[in-house]
Amino acid sequence: MPALVAVSALTLTACGGGGKATSGDHQGPSSEVQNFGIGTKADSTGPAKDVAGAKPGGTAHGIEAAGFDYLDPSQMYVNEYQAVGMLFSRQLTAYKTDPTTKKTILVGDMATDTGSTTDGGKTWTWTLKDNLKFEDGTPITSKDIKYAVERLYADYQTQGPTYFPTWLSGQDYRKVYKGPDAGDLPDSVISTPDPKTITFHFQDVHTDAAYAAAMPNVTAIEKSKDDKEKYNNHPVSIGPYKIKDYQPDKSLTLVKNENWDPKSDPLRHQYVDSWVFELGVQNPQLTQRLMGGAGDDKNALSLTANADAGQIKSIQDDPQYASRTLSEFQPYVDTFDINNTRVTDVNVRKALAKAFPAAAVQKQLGGATTGDIAGNLVSPTVSGWQNTDPLGIKAKPEGDPEAAKKILADAGKTGYKIVLAYSNTPRWQKVSATVVDALNQAGFQAERKEIDPTSYYTQIGKKDNGFDLYRTGWGADWPSSSTVVPPTLDGRTIADGATNYSHYENPAMDAEMDRIAKITDQKQAADEWMKLADKILSTDVPKIPAAYDKFFQVYGAGLGGVAYNQVLGCIDPSSVYIK
């Protein structure tokens, strides 16, 4: 997921998190936090299993820190948008969360299963379920899926993931095809031989296409209701709820969609009569309201907002919150990226890593409740993750200034100048000051440079950004490092606005990415991605791992069936009911 998601976790809200770790626990999580699997065809068959104790009726409430900038499923990329989208949209595949075991599995959503390929992953076919309908009762066919993918090529589609159009038509896919206004894509690209069957003909092998089919933009769009940019305010429902009223940045009200068939849906319920979201409620008020539970707040939750840092200890110490607190890892890893085009000496980059004050940064961000100290670039929620520490950050979380000084001295780089860019918020003002102080103690000549928070990623995303070190974050789009390593470390993607923020370039590592991408065995590929991520880190030190982000928040005492989707890093509203 884009860095914006991870940024919001630590700048717009206080990132929270889980387990029994304390602020002094630097050992990191265990691999047991990976709680993900691939579902069978039976798992993909509806209706969803009833939640014990669930009953129908009532209104559930959402209290959100920000507005839903995008309700158009084609432009939903931030996890908050994807979370609310679970209520009114569907994809070919989706993630099914068990409220009891907390396990999340990939299943067929609109499709009968997770898809099939006959040529090792280059051509993928999905078969649609029976009785799929839009909210107006119009049957959904394979052509509606094809149309949804075709509209991703349109110029106004700027915010969603680009896996399918890129895999179908190459990096310059918009030059190849201009969207539905230019006619249909040929059958050689997307074929719909009958109303129930859709086949995608990718240019290369993509063994993880079943995961990409769970991205929110691989959905069904009713062509006659599509008014392009305006569709964002009134998307047509294909899920259990439909939009009754939407006031951007203020409120969103959803009511039951009578044309949703529970027999076609393996993961969603329609327990509550309606959902009412209140938008733009900031911390500490947001968390205080969820804790207090007065009036409608008793039946409220927040999909992605972490608990206010000042309330975390109160939540942890008071037993009344124990049964209604979520404390889970997110798919995001925070890093401090080193600008490899400016800091060209690997010894200097190694010294930066040695000097990095990981424990002090963790403490300033809220302690272990907000995130574990990271030893590598892959989230513990991602398949193949290992509790490795290639740069010794977890081994010496306070930093090792003497080792850093020696590296600089041996390389003749003592007093090396470092410009640290930071988002000009109270949180990052403190963190940046701590980092600069640690670097100066380790033999660097470091200084800070503030950036307006609203343009932070625009500024650091420039090839010639003028900075040496800056914080970024990245979340896996699905539990595979194929959505972590190439997006952030492929040297062929360096460009203004690209997500290789460290401007890292090593053709040998790029070749390894190409090799691993063709491995058909997903478990083997996961292990290889992990090895490559560590190899890049230990060999070239393009960035410094900082934190494995966590989610920590309470929800209203009147709600049941609240689950956490580890893949998206948010609350899963699919099974919520009023007690």
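Two strands pair if DSSP finds at least two bridges between them. Keep that rule at hand for these exercises, and remember that this is a predicted model.

**Exercise 1. A pair of strands and its turn**

Task: Which residue in E6 does Ser116 stand opposite, and how many residues lie between E5 and E6 in their hairpin?

Solution:
- Step 1. Look up strand E5, residues 116-117, which pairs with E6 in the antiparallel sense over two bridges. At least two bridges are needed for a pair, and E5 and E6 have two bridges.
- Step 2. Go to Ser116 and look across to E6: the residue opposite is Thr125.
- Step 3. Follow the chain from E5 to E6. The two strands form a hairpin with five residues between them. In the turn, Gly120 has a positive phi of about 85°.
- Step 4. Now find the other neighbour of E6. Five bridges join E6 to E8, and these strands run antiparallel. Thr125 turns up again here, with Thr199 in E8 as its bridge partner.

**Exercise 2. An aromatic pair**

Task: Trp126 and Phe200 form an aromatic pair; which kind of pair is it?

Solution:
- Step 1. Recall what to look for. A pair of aromatic rings is described by the distance of the centres and the angle of the planes.
- Step 2. Take the distance: the rings of Trp126 and Phe200 are 5.9 Å apart, centre to centre. The cut-off for a pair is within 6.5 Å.
- Step 3. Take the angle, which is 75° between the planes. Planes over 60 degrees apart count as edge-to-face, so the pair of Trp126 and Phe200 is edge-to-face.
- Step 4. Place the two residues in the chain. Trp126 is in strand E6 (residues 123-127) and Phe200 in strand E8 (residues 197-201), 74 residues apart, and the pair links distant parts of the chain. Both Trp126 and Phe200 are buried.
- Step 5. Widen the view. Trp126 and Phe200 belong to one aromatic cluster, whose members include Phe36, Tyr95, Trp124 and Trp478. The count for the model comes to 25 aromatic pairs.

**Exercise 3. A sheet of three strands**

Task: Which strands are at the edges of the open sheet that has the order E1-E4-E3?

Solution:
- Step 1. Read the order: the sheet is open, has three strands and shows mixed pairing.
- Step 2. Look for strands that pair on one side only. These edge strands are E1 (36-38) and E3 (93-97). From one strand to the next, the twist averages 30°.
- Step 3. Check E3 against E4 (residues 104-108): the two pair in the antiparallel sense over five bridges. Thr93 has Gly108 as its bridge partner in E4, while Ala94 is matched with Val107.
- Step 4. Visit the hairpin of E3 and E4. Six residues lie between the strands, and Lys102 takes a positive phi near 70°.
- Step 5. Ask about the surroundings: why is E3 largely enclosed by the rest of the structure? Because four of its five residues are buried, E3 is largely enclosed.

**Exercise 4. Two cavities**

Task: What are the volumes of the largest and the second largest cavity, and which residues are closest to their centres?

Solution:
- Step 1. Start with the idea. Rolling a probe the size of a water molecule over the atoms shows where empty space is left. A search of the whole structure finds nine cavities of 30 Å³ or more.
- Step 2. Take the largest cavity, with a volume of about 170 Å³. Its lining has 16 residues, of which Gln82, Met86, Gln91, Ala214 and Leu568 are the closest to its centre.
- Step 3. Ask where the lining comes from: helix H2 (79-85) and E3 each supply at least two residues. Sorted by type, the lining of the largest cavity has nine nonpolar, five polar and two charged residues.
- Step 4. Turn to the second largest cavity, which holds about 140 Å³ of space. Among its 16 lining residues, the closest to the centre are Leu377, Trp474, Val484, Thr488 and Lys543.
- Step 5. Strand E13 (325-338), strand E17 (469-475) and helix H14 (485-489) each give two or more residues to this second lining. The lining of the second largest cavity divides into ten nonpolar, five polar and one charged.

Methods. Residues are numbered from 1 along each chain as its sequence is written. This is a predicted model: local features need pLDDT of at least 70, side-chain atom pairs count only at pLDDT 80 or more; totals for chains, interfaces and linings use all residues. Side-chain values use heavy atoms; hydrogens and water are left out. Axes are lines fitted to C-alpha atoms, for helices over the stretch in contact, and angles run from 0 to 180 degrees between N-to-C directions. On a 1 Å grid over the protein atoms alone, a cavity is a set of points where a 1.4 Å probe fits but cannot get out, and a pocket is an open set with protein on both sides within 12 Å along at least five of seven lines; lining residues have an atom within 4 Å of a point. Grid points are joined across faces, edges and corners, and a volume is the space filled by probe spheres set on the points. Ala, Val, Leu, Ile, Met, Phe, Trp, Tyr, Cys and Pro count as nonpolar, Asp, Glu, Lys and Arg as charged, and the others, Gly among them, as polar. Rings of Phe, Tyr and Trp (its six-membered ring) pair if their centres lie within 6.5 Å; planes under 30 degrees apart count as stacked, over 60 as edge-to-face and the rest as tilted. Buried means under 20% relative accessible area, exposed over 50%, partly exposed in between (1.4 Å probe, protein chains only).
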